[in-house]
Amino acid sequence: MTTQPLAWQAHLAPNYDQLMKIACDACFQNIINDKNYRNSIINDPRILHKQLFSQFAPASHPEYAGTYRGSPGTTLEHRIARARQLLDPNQTFVFSAPSQVEKDTNNLIVIINSQIQPALGASNYAKLLLLAHAFCWFGTIHPFLDGNGHVQRALFAALALEMNIPLSNRFAIHPRVYDSLLAYPLEMFTRTSGNDTWKAMVAEYISNWLAGSFDAPGTGVP
């Protein structure tokens, strides 16, 4: 007999919003003030995931916080992640296969790190495309059982500040700062295996989370 794996939705935990806001506010201040902390988020998102979600993980499954889906020898080894389609709630779409999660995430980290330094002297548009690339692919991989959106937004903030782009007061790690206007192109990016049209739509949306030169007209997607 196959045992059904334990489900987990962190937001159902008691006092979730209050506790998560405290944790995310502290995280955000560290992202702003500490370069080493920013780099730790970029280089190993498992550290941040454990920091934010260990307090919400089931007592019987502490590995749910800070462990990638697909990690061998854990309860996450074969965990498939899927979501309901926005336009057809009777259908679902899937994220990276468990066996590919660590490889895909590591590849994304390598790409991000290789592009940060060149981006410092690049145009706003080039910087925005790197942010959109990281944001879209992290969402497509969906490396954790739950809590991917918080780490995705923290990664966005860390990467923006590493490129010397200030963040707008419209941005927050918690609560979630986007709606279906962003969720739809993110879903379509995943379902179409990285189509650049959807990445451009994501880039246009997330440019609203940036300040400084991005507050000027015409600094989004051409």
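Is the crossing of helix 5 and helix 8 left-handed or right-handed? It's right-handed, and the close-ups below, all taken from a predicted model, start with that pair.

**View 1. Helix 5 crosses helix 8.** Here we're looking at helix 5, residues 124-141, and helix 8, residues 196-206, whose axes come within 9 Å and cross at roughly 110°. Helix 5 is therefore roughly perpendicular to helix 8, since 65 to 115 degrees counts as roughly perpendicular.

**View 2. Side by side, who meets whom between helix 5 and helix 8.** From helix 5 come Leu128, Leu131, Ala132, His133, Phe135 and Cys136. Across from them, helix 8 brings Lys199, Val202, Ala203 and Ile206. Sort the residues of this contact by type and you get 8 nonpolar, 1 polar and 1 charged.

**View 3. The largest pocket, seen from its centre.** This one holds about 1,400 Å³ of space. Its lining runs to 40 residues, and the ones nearest the centre are Arg82, Ala83, Phe95, His142 and Asp146.

**View 4. What the wall of the largest pocket is built from.** Two strands give two or more residues each to the lining: strand 1 (82-84) and strand 2 (92-94). Helix 5, helix 6 (148-162) and helix 7 (180-191) do so too. Helix 6 chips in the largest share, with 5 residues. As for residue types, the lining of the largest pocket splits into 17 nonpolar, 16 polar and 7 charged. Helix 5 turns up here as well as in the earlier views: it gives residues to this lining and also meets helix 8.

Note on methods
Residues are numbered from 1 along each chain as its sequence is written. This is a predicted model: local features need pLDDT of at least 70, side-chain atom pairs count only at pLDDT 80 or more; totals for chains, interfaces and linings use all residues. Side-chain values use heavy atoms; hydrogens and water are left out. Axes are lines fitted to C-alpha atoms, for helices over the stretch in contact, and angles run from 0 to 180 degrees between N-to-C directions. Helices (H or I, at least four residues) and strands (E, at least two) are DSSP runs, numbered from the N terminus. Angles under 35 degrees count as roughly parallel, over 145 as roughly antiparallel, 65 to 115 as roughly perpendicular and the rest as oblique. A crossing is left-handed if the near helix is turned anticlockwise from the far one by less than a right angle, and right-handed if clockwise. Contact means heavy atoms within 4.5 Å. Ala, Val, Leu, Ile, Met, Phe, Trp, Tyr, Cys and Pro count as nonpolar, Asp, Glu, Lys and Arg as charged, and the others, Gly among them, as polar. On a 1 Å grid over the protein atoms alone, a cavity is a set of points where a 1.4 Å probe fits but cannot get out, and a pocket is an open set with protein on both sides within 12 Å along at least five of seven lines; lining residues have an atom within 4 Å of a point. Grid points are joined across faces, edges and corners, and a volume is the space filled by probe spheres set on the points.
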